[in-house]
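Trainee: Before we look at any detail, could you take me through the fold step by step?

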Amino acid sequence: MPADFSTDRRTFLKLGTGAALASVLGFDLRPAYAQARELKIARTTETRSTCPYCSVSCGVIIHTLGDKAKNVTPQVVHVEGDPDHPINRGTLCPKGASLEQDIVNSRRLLKPQVRRPGSDHWENISWDQAIDEIARKVKKTRDDTFVATDPQGRTVNRCEGIAWSGGCTDTNEFNYLVVKSMRSLGVCYLETQARV
Amino acid sequence: MPTAALEIKAISAHPGPVPGKGAKRNEGDGVCKLIDVTTCIGCKACEVACLEWNGYPFHETKFDNTYQTMPDLQWNYYNLIRFNEHEFADGSFGLLMRKDQCMHCADPGCLRACPADGAIVQYSNGIVDFQQEYCIGCQYCVSGCPFNIPKFNSMTKKVHKCTLCSDRVAVGLEPACIKSCPTGCLHFGTKDDMKALAETRAAQLREQTAHTNAGVYDPPGVGGTQVMYVLHDIRNPEAYGGLPANPTIPLMVRLWKGPVKWLGGLAISLGLVGVVAHFLRFGPKEAHPIEEVHRP
Amino acid sequence: MTNGWIDIKNTDVMLIMGGNPAENHPCGFKWAIEAKRERNAKTIVVDPRFTRTAATADQFLQIRAGTDIAFLGGLISWAIENGRYHKDYLVHFTNASFLVRNDFQLPEEGLFSGFDPATQAYDKTTWNYQEGGNVTGTAAASSAPGGAPQHPPAPGSSSKAGEAAPHSSSGKGGEGQGYQAFGAVGAKAMGPGADATMPSNVAHDLSLQHPQCVFQLLRRQYSRYTPEIVERITGIPKAEFLKAADLFTSIRKDGDAKKVGTIIYAVGWTQHTSGTQTIRTAAMLQLLLGNVGRAGGGVNALRGHSNIQGATDMAGIFDVLPGYLKMASPADVNLATYIKRTTPTPSKPSEWDSYNYWSNTSKFIVSFLKAMYGDAATKENDFAFRYLPSIDRKYSWVEIWDDMYAGHVKGLFAFGMNGVAIGPNSQKNIEALKKADWLVVCEIYPDETSEFWRSPGITPEDMKTINTSVYRLPGAGFAEKDGSFTNSARWLQWKYVAVPPPGEAKLDQEIVARIFLKVRDLYRQEGGAFPDPVLKLSWNYTIPENPSLAEVAKEINGRAISDVTDSKSSQTIKAGQQLPGFSWLRDDGSTLSGNWLYCGSWTEEGGLTQRRGTDDPSGLGVYPNWAWSWPMNRRVMYNRASCDIAGKPWDPSRAQIWWDGDKQKWGGNDIPDFKIDSPPKDHMGPFIMNAEGVGRIFGPLAAFADGPFPEFYEPTESPAKNVLHPNQQNNPVARRFKSDMDKFGTPEQGYTIVCTTYRLTEHYHYWTKNNPMNVELVPEPFVEIPAQLADEMGLHGGETIKVSSARGHYIAKAFVTKRIKAMMIDGKKTYQIGIPIHWGYRGIAEDAGKTARTLANALSPAAIDPNAYTPEFKGFLVKLEKV
């Protein structure tokens, strides 16, 4: 028989030798199949989320490694649109479709850093130290710039020396905590991406 | 039977009939991707979805006075929106954006041209898929393709192209590009359904818009394709970044794999007859490598 | 958006202008395509460039950036003069019939009545309605102030405009003052923020013929915006303008009331010194056409980021408190004066009704103060109202940088906000940061703002003189946090944690909570300036240093502090229970709610923001059980206007809500955005948040800083003279900043090219420059240049060019394209160019040395809209040279 039909070369056909022999004569009724690649999301965990980019709010499914068992640190392997979401119905734009690379990205900031006055470089700093130093500066600036009454003697209770600029991907709940904490300090310059 | 597997309809360079062909009832014209270029917004979500799904790496690209990501497809970049600034016949200006990728021809020139047994298969659902495991890197498929699609990887000496996400389709999912497409300019279903959808859309464009020459691109020269386009102007497919008006399989490939193929078939038959005769006459002995006959 | 993303599929015609949804909101744009496929809807795209949105349009018009009011004003005029408007809607659902004071003047010479050149501000006293009543049938149209209307008066009208109109003929309200009673004599002068009232019984002419009625003033105002004038200002040829005007208003052809048109816009309208008024012109056009409140209609702002709708709702802007409550003013001596100042009283024809929902202001503010200060907020101390800062000037985005540059702002928190790249006038922002004491940045990638001290051009020697302490804290990405985003369609949707933050990165709420609690500790230990608000802020979360966002969401919704009983239904909400909706809020301290607008989002049933119901019984794309939409899950705002005066849908095939005579209630496919049991015969206006109850075609009193009607003014930097009024070139009350870093260019100085800035579909702001895939799609910065201009300059695609404004420069490659064409502006050939904003000095391409590391916003000017305080990022002047 022709060498071509050795099962070695044709394992992908998933046929038995006998079938192969028969098939060359056109007798076999078992269809030939090709093994497609393993589906990479076959056993991943799905988490529902919302795309962080524009305001359409596409539903996304984040596929992570592992089944959320205690001993697993999940890693993102794929992000795809959520077909149930009434607005995007599974579709994504070129930014949403690349979200996997936004989550797993070698450029991510991983440690708190400080640039000291006059310095030309970043230094690592511990979280505790950073928060201590920042809190000290906030208090000093507030104490130095607090305006209790305006020139007409009216109560205003403003902290004029501190500004807050918030991002476009801050959640409602986070924004609310910002409003609470900043307004309690008397911060007036409270702005976010919503303005621009 | 494995779950993630597809039935094969045609095999490159395979002597004799495809095993099991016709064993199952006809499931129509297979699956089909419809691309309505009149609603394409050139966002490239399909490019990203494809790259992401297939796990290919980041390509270094360069600005080239266009929104187009790169000049041409690459072995690991299966689909590309081609951008063309265009003036329509009525003088109005247009930005034509066409997703370019494997057309999954019903009569695939690549498969016809391929000399490596099993390197290119056509599944019963119409998807034409390269099996790199059996690819010998000869690139005959490249010359066999009227759409200039297959691309050679010089490192691995293998040729690649869009798989129509055969892995996803095998488990009942749509291809990655189809799923991502924000406007639904990409649509997926059976060829029959997509044909109907395409014709309806083309008629709507002719009747309701300025595109009175809108039409469906399903070129007969390659037996029709499992990827179809709705174009604003069916008379001028070349305007969409070189979509051939009447694609056909190159003459050499056609000759070799068409009219001349019976010679190969005859050779096989004669060979088999010879083998039988030889066997009858001389008893069991190692068979001739008849396959040699097919090698051009 | 008044409507929603999916609702766009219900439209018949779209005007997409000041936005590029195909590129910036691709997945929302599918519903525009759906309307085209399923309803044969038509699309008109108006933009400075032929965008990828334009590629799918039926008609594209290239407009000069910053001239949108001229175009829209022209549309209004064309619609009126050609009878393409919705008369019934106009009469009953807008203030078109209201009479405006006789001493109000239109800006024929560029200024409305009341402008004070000394203070460069308006006294808005004359921008008010007349007290009176129904004057229908008595109007005259002959000698109206400010020029005669173009059309003859309606048959039967005889009296003169100068004469006093008669008293209210219906007599329901009984006030019956002559409409001149509320004249200039008795009116008090109003400075910014000062208060005045609208008459309670507004004089009105239902025939819309009275020369002082809003409709006639509107007609007069835009009669100057002829197609010829539109062409001279915008560069849109008259024939194209007329074709677009005919197409957009075709929905009202031959008195048709069924069809609907939508207007879709984004920051292409907002980012101008006339941004608010541009949007208002669109709103007025939609009221004129009767498109607001209807499925497939509305005025639809496509917000550019995932949660800036939520940030606005939650008061991430200086001038409001959560739920759009006004900030306290120094003039508010106590809570009562604040409530009085900020609570409107109905102003309407006395025979009509007005829900005037803001009459509940006291309940909203007291519930907010209880959420802020808990037990420390008592009736006796005015619910700690005085703990809030009081303001009487602007503290907006550009002011932050201007005041930091002036040395007043000493410390800045930048949490996910890249102020240097965002600009405007980026170099000024860098110089400002050099003067600050400290900067705290929380980011997920290295950004321009945190590295301002080593931005291009600064040497290590220079760095020694920069004394700003900069903390850069690694925050968590979206997939690492839960919480809710509010989309453009006002849907609150909860998301879940998929992965933990990488490395030492922390959740943002933990960072802010720990800083705040540390500051509070310091005040507790050491005392300091007015520590009470800091010490007494309610922060009773289970884990105070890392509050659970679900717990915070419940506080935002609000709960009963003591038992609350509804007198009508006798239903009681027990102390500690979540409130089912904002109608339960009280002003006696028995309820708390962090944001009244979100009350109803997390009830005793749980988080409605987490709902995933995919049913859409009406097929209109309402999806009532998917997530939760403010207010009270209403998906289309003002939806009472989808019905005629009797409560029947204008178009039964798109029935949203209707009056059920048997049940004596409103009901239907959406939640009525209306008083549920107000029968049509009471004529309650559908615009329940306006004191008038109706849509404002005329914006009375202090509604707008720059006029009750929009007027076209040239951008701050413009290549042309204002052809409407050459003596009033710019918006007289727009603010231009005046530091030595704020320079403005003129054509005489060689800045002759109009420049606009925008985003590409392949990139997201200053974020995806860190993402390899997006960098692959568009690897380098470029400037889009008209092919004709390139020919004149001998410039080829791919060559490097330098774009300069009076403030800075930008270096990138030239993208020579036919998608931008030369324009004739008032007879002069004028060019526009466009710059995508996405690059800076930190990013994949930047770090690899593949860009010039310049910032697009180094070019843009610090000049802001007087209403929204948004900078003019679009439509400024530049010059071009080859490098």
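The questions below deal with chain C, its packing and its domains.

Trainee: What is the radius of gyration of chain C, and why can the chain be called as compact as a globular protein of that length?
Mentor: Bear in mind that this is a predicted model, in which chain C has 22 helices and 33 strands. For 883 residues the globule rule gives 29 Å, and the value for chain C is close to that, so the chain is as compact as a globular protein of that length, with a radius of gyration of 27 Å.

Trainee: Which helix gives the largest share of the largest nonpolar core?
Mentor: That core has 381 residues, and those with the most contacts inside it include A:Tyr189, B:Val37, C:Ile76 and C:Cys755. The largest share, 9 residues, comes from residues 68-81 of chain C, that is, from helix H3.

Trainee: How many residues does the other core have, the one that lies apart?
Mentor: Among its members are C:Ile444, C:Tyr445, C:Ala505 and C:Leu507, and this core lies apart from the largest one. Its count is 6 residues.

Trainee: How many nonpolar residues are on the side of domain 1 of chain C that touches domain 2 of chain C?
Mentor: The domain assignment gives domain 1 as 397-536 and domain 2 as 735-882, and their C-alpha centres lie 27 Å apart. The contact takes 22 residues from each of the two domains, and helices H13, H14 and H15 each supply at least two residues of the domain 1 side. By class, that side has 6 charged, 6 polar and, as the number you asked for, 10 nonpolar residues.

Terms used:
Residues numbered from 1 in each chain as written. Chains lettered and ligands numbered in written order. Predicted model: local features only at pLDDT ≥ 70, side-chain atom pairs only at ≥ 80, totals over all residues. Helix = DSSP H or I, 4+ residues; strand = E, 2+ residues; numbered from the N terminus. Rg over C-alpha atoms; globule rule 2.2 N^0.38 Å. Core = buried A, V, L, I, M, F, W, Y, C linked by C-beta atoms within 7 Å. Buried ≥ 20, exposed ≤ 12 C-beta atoms within 10 Å, placed from the backbone. Domains from an automatic or database assignment. Contact = placed C-beta atoms within 7 Å. Nonpolar A, V, L, I, M, F, W, Y, C, P; charged D, E, K, R; others polar.
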